[in-house]
Amino acid sequence: NLTVYDDGTYSSKDKTKLMKDIKTNKWSLLGSYFDNSMLRNKIALDFAKELGIGLDAELIDLWVNGNFLGNYTMTPKNDYNCPDGGYSLEFDNQPDKKQFELPGILEIGDDHNLVTIRDIGNDAKAAGQTPKTIEQWFLNAWKACLDYDSEEYQKYFDLDSWAKMYLMYELSKTYSCFSGSLFMHRDGLTSKDKLKAGPAWDFDIAFGL
């Protein structure tokens, strides 16, 4: 992650324009450790952006104090995509204290059915949302998914965004499909606020590698 500070005040409050039409004070730098072409993240994020589930992205060479530190794919720091009125989640295989388990998933190992609560918006917190209430809502949604004779799951999930993410994973052949780095978010707390897939993220191990 990259935070831009003002030289005079050493404040990070002022937004900086590092990409066309985008000003923010926090940026993400995606490395391409497993990708000698250094193009997979950029190609995938551009495609996801066209689908409506991706981020603006630019390839950059990073220099600090005259030293070259490598090539990265830079995006605005909104990879968790957490709105004030909702929350953001991630299927993640890294242990985290804000995780809960999904039942009924058969995976090699015990760490591929974990959902991490990445962030809760300020308005959602004020409305009483906690990790426990979010976990309960998600488990209800998951239970509806496991009922194959019912269409109740459509009350919980934004099907367009999930179809686009499925297409994204099929075309990119990413290793991260359900093994980590699958982001999702809910923009509000009403019955109309369904769980959306995205934004798409982390494609250095992809495209048939």
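**Aromatic pairs and nonpolar cores in a predicted model**

Biologist: How many aromatic pairs does the structure hold?

Modeller: This is a predicted model, in which local features need pLDDT of at least 70, side-chain atom pairs count only at pLDDT 80 or more, and totals for chains, interfaces and linings use all residues. Residues are numbered from 1 along each chain as its sequence is written, and side-chain values use heavy atoms, leaving out hydrogens and water. Rings of Phe, Tyr and Trp (its six-membered ring) pair if their centres lie within 6.5 Å; planes under 30 degrees apart are stacked, over 60 edge-to-face and the rest tilted. By this rule, the number of aromatic pairs is six.

Biologist: Which kind of aromatic pair do Phe 157 and Trp 162 form?

Modeller: The centres of Phe 157 and Trp 162 are 6.1 Å apart. The angle between their planes is 80 degrees, so the pair is edge-to-face.

Biologist: Is Phe 157 buried or exposed?

Modeller: Buried means under 20% relative accessible area, exposed over 50%, and partly exposed in between (1.4 Å probe, protein chains only). Trp 162, at 21%, is partly exposed. Phe 157 has 10%, so Phe 157 is buried.

Biologist: Which helix gives the largest share of the largest nonpolar core?

Modeller: A nonpolar core is a set of buried Ala, Val, Leu, Ile, Met, Phe, Trp, Tyr and Cys residues joined through side-chain atoms within 4.5 Å. The largest has 31 residues, and Phe 138 is among those with the most contacts inside it. Helices (H or I, at least four residues) are DSSP runs, numbered from the N terminus. The largest share, six residues, comes from helix 3.

Technical notes:
Helices (H or I, at least four residues) and strands (E, at least two) are DSSP runs, numbered from the N terminus.
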